[in-house]
Amino acid sequence: MAEIRQYLVLAVLWAVVLWRAPAVRSSNGARSLWLTFLSLAIGWTLTLPAVSGWFNALVGWEFTPLAKRVAITVGAASVAAFTMAVTGRNTRIVWFAAGVTGWALVIAHDAADHRVGEMEDWDGSVAAGWYFGVFDGFLGLALAVSGYVSLRYALGRGSADDPGTTRLGMGILGAGMLIGIGSPLYTLYALLIAGPGFLKLTQARWVMAACLLLCTLGTCIPAVATGWRRLRVHLTVRALQPLHSELADLFPDSVMDAATVDEQLVRRTVEIREALVALTPYGPGPLSESDTQQAAHWVAAAIAAYRAGEPFTAPAGALAVAEQTVPARTDMMAEAAWLAQVSRAYVSLTRPH
């Protein structure tokens, strides 16, 4: 069971490392998050007996326990920097504390003549105790800060540009951090109170495995939500294309270039709506803003009348031109989605049978 848990966590961590790698070019927060998973994946990999034995034999002393803790120190600092960056806090103190911790680990490991090993093998020596205490002290502090900042953000008021997935992800991340505090507290209790022979790594690793999985889930939720939104935008732009092309042939002067898919969404939506306004005098009555099939029939009839140069003669008492073409939606994505449905209905209507 322990091996299955270990390989499961390892597979998840490396999968996230590969998945999030392209995001390192986007922002400091994204780079900190990627570095978090890379460091944790390296540290967790070094716990595998085959990997640990190979590195120790290569170096000639117990190298992997130190390398693992240095990697986890970097990971803990990175996730703390990520949560602080998301909430607009300065991250310099985090990296300063991580640097001091890393040097303290190296010095203590050297003072113990590189005979530290794992915590459950601690024999009560001062150098080894200082080594474990510095590491778990920093880890516990980083987890506490990250958990507090994350949960405070999750429980606070959302901003206009936050769809809610960021707060949900930060809440899960914060919960994972608070669970993870149990591992360093357990170690510190063994060091300061219980003494040698008390700590068993199985319990601590179960706690950290739960922490890592929750943290992975929490940080992936906003990324998945962003990816889902991009997919929706891409599909909507594709759906708008047939209707936009048809109307662009009629009014080519209104078409402008758009570099990104988000710009294409806005430009095509605006240009389609402007074309529908221009077609209003040729349409058979008001344009439906609720029925896609009726709207598609209106567009087809208005295009045909425009090409024939025969404006529609409105009956007495008809609504004004501008009132006929006012959209019922105020959100750009909702408007684009509606016009995409009209575009699909238009293609179905005009496709040869």
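# Notebook: a chain of helices

**Entry 1. The overall layout.** I began at the N terminus and followed the elements of the chain, which run α-α-α-α-α-α-α-α-α-α-α-α-α. I should say at once that this is a predicted model. My tally of secondary structure came to 13 helices and zero strands. I then asked how much of the chain is buried: of its 353 residues, buried ones make up 45%. I also looked up how far apart in sequence the contacting residues are. Among contacts with a separation of 6 or more, 74% are between residues 24 or more positions apart.

**Entry 2. Ile-72, a residue in helix H4.** I picked Ile-72, which sits in helix H4. Is Ile-72 buried or exposed? Its relative accessible area is 18%, and the cut-off for buried is under 20%, so Ile-72 counts as buried. Next I looked for residues around it. Setting aside neighbours within four places in sequence, I found Ile-72 in contact with Leu-40, Gly-43, Phe-135 and Leu-139. I also noted Ser-39, which is 33 residues away from Ile-72 along the chain, yet their C-alpha atoms are separated by 6.0 Å.

**Entry 3. Empty space inside.** I turned to the cavities. Rolling a probe the size of a water molecule over the atoms shows where empty space is left. Searching the whole structure for cavities of 30 Å³ or more gave me four. I chose the second largest cavity, which holds about 140 Å³ of space. It is lined by 19 residues, and those closest to its centre are Thr-36, Leu-40, Val-79, Met-177 and Leu-212. Which elements give two or more residues to this lining? I listed helix H2 (28-45), helix H4 (64-86), helix H6 (126-155), helix H7 (165-180) and H9. H9 supplies the largest share, six residues. Sorting the lining of this cavity by class, I counted 15 nonpolar and four polar residues, with no charged ones. Leu-40 had already turned up in my notes, as a contact of Ile-72.

**Entry 4. An open pocket.** Now for a pocket. The second largest one has about 160 Å³ of space. Which elements give two or more residues to its lining? They are helix H9 (201-250), helix H10 (261-279) and helix H13 (332-350). H10 gives the most, with four residues. The full lining of the second largest pocket is Arg-229, Arg-232, Asp-262, Glu-263, Leu-265, Val-266, Asp-331, Met-332 and Met-333. By class, I found five charged, four nonpolar and no polar residues in this pocket lining. My cavity entry reads otherwise, with no charged residues in the lining there.

**Entry 5. Two residues of helix H10.** I stayed with helix H10 and looked up Thr-269, which lies in it. Thr-269 counts as buried because its relative accessibility is 2%. Not counting residues up to four places away in sequence, Thr-269 touches Leu-240, Met-332, Glu-335, Ala-336 and Leu-339. I recognised Met-332 from the pocket lining.

Glu-271 also has its place in helix H10. Is Glu-271 buried or exposed? At 4% relative accessibility, I put Glu-271 down as buried. What joins the side chains of Glu-271 and His-244? I found a polar contact of 2.5 Å. Beyond its neighbours within four places in sequence, Glu-271 is in contact with His-244, Ser-254, Val-255 and Met-256.

**Entry 6. Aromatic rings.** Last, I looked for ring pairs. A pair of aromatic rings is described by the distance of the centres and the angle of the planes. How many aromatic pairs does the structure hold? I counted four. One of them is Tyr-131 with Phe-132, an edge-to-face pair at 5.2 Å centre to centre and 70 degrees between the planes. Both Tyr-131 and Phe-132 are buried.

Another edge-to-face pair is Tyr-282 with Tyr-306, at 5.1 Å centre to centre and 80 degrees between the planes. This pair links distant parts of the chain, 24 residues apart: Tyr-282 is in the loop between H10 and helix H11 (292-308), and Tyr-306 is in helix H11. I noted Tyr-306 as partly exposed, since its relative accessible area is 28%. Finally, I saw that ring pairs link Phe-251, Tyr-282 and Tyr-306 into a cluster.

How values were computed. Residues are numbered from 1 along each chain as its sequence is written. Side-chain values use heavy atoms; hydrogens and water are left out. On a 1 Å grid over the protein atoms alone, a cavity is a set of points where a 1.4 Å probe fits but cannot get out, and a pocket is an open set with protein on both sides within 12 Å along at least five of seven lines; lining residues have an atom within 4 Å of a point. Grid points are joined across faces, edges and corners, and a volume is the space filled by probe spheres set on the points. Ala, Val, Leu, Ile, Met, Phe, Trp, Tyr, Cys and Pro count as nonpolar, Asp, Glu, Lys and Arg as charged, and the others, Gly among them, as polar. Buried means under 20% relative accessible area, exposed over 50%, partly exposed in between (1.4 Å probe, protein chains only). A polar contact is a pair of N or O atoms within 3.5 Å; within protein, one must be able to donate a hydrogen and the other to accept it, and residues adjacent in sequence count only if both atoms are side-chain atoms. Contact means heavy atoms within 4.5 Å. Rings of Phe, Tyr and Trp (its six-membered ring) pair if their centres lie within 6.5 Å; planes under 30 degrees apart count as stacked, over 60 as edge-to-face and the rest as tilted.
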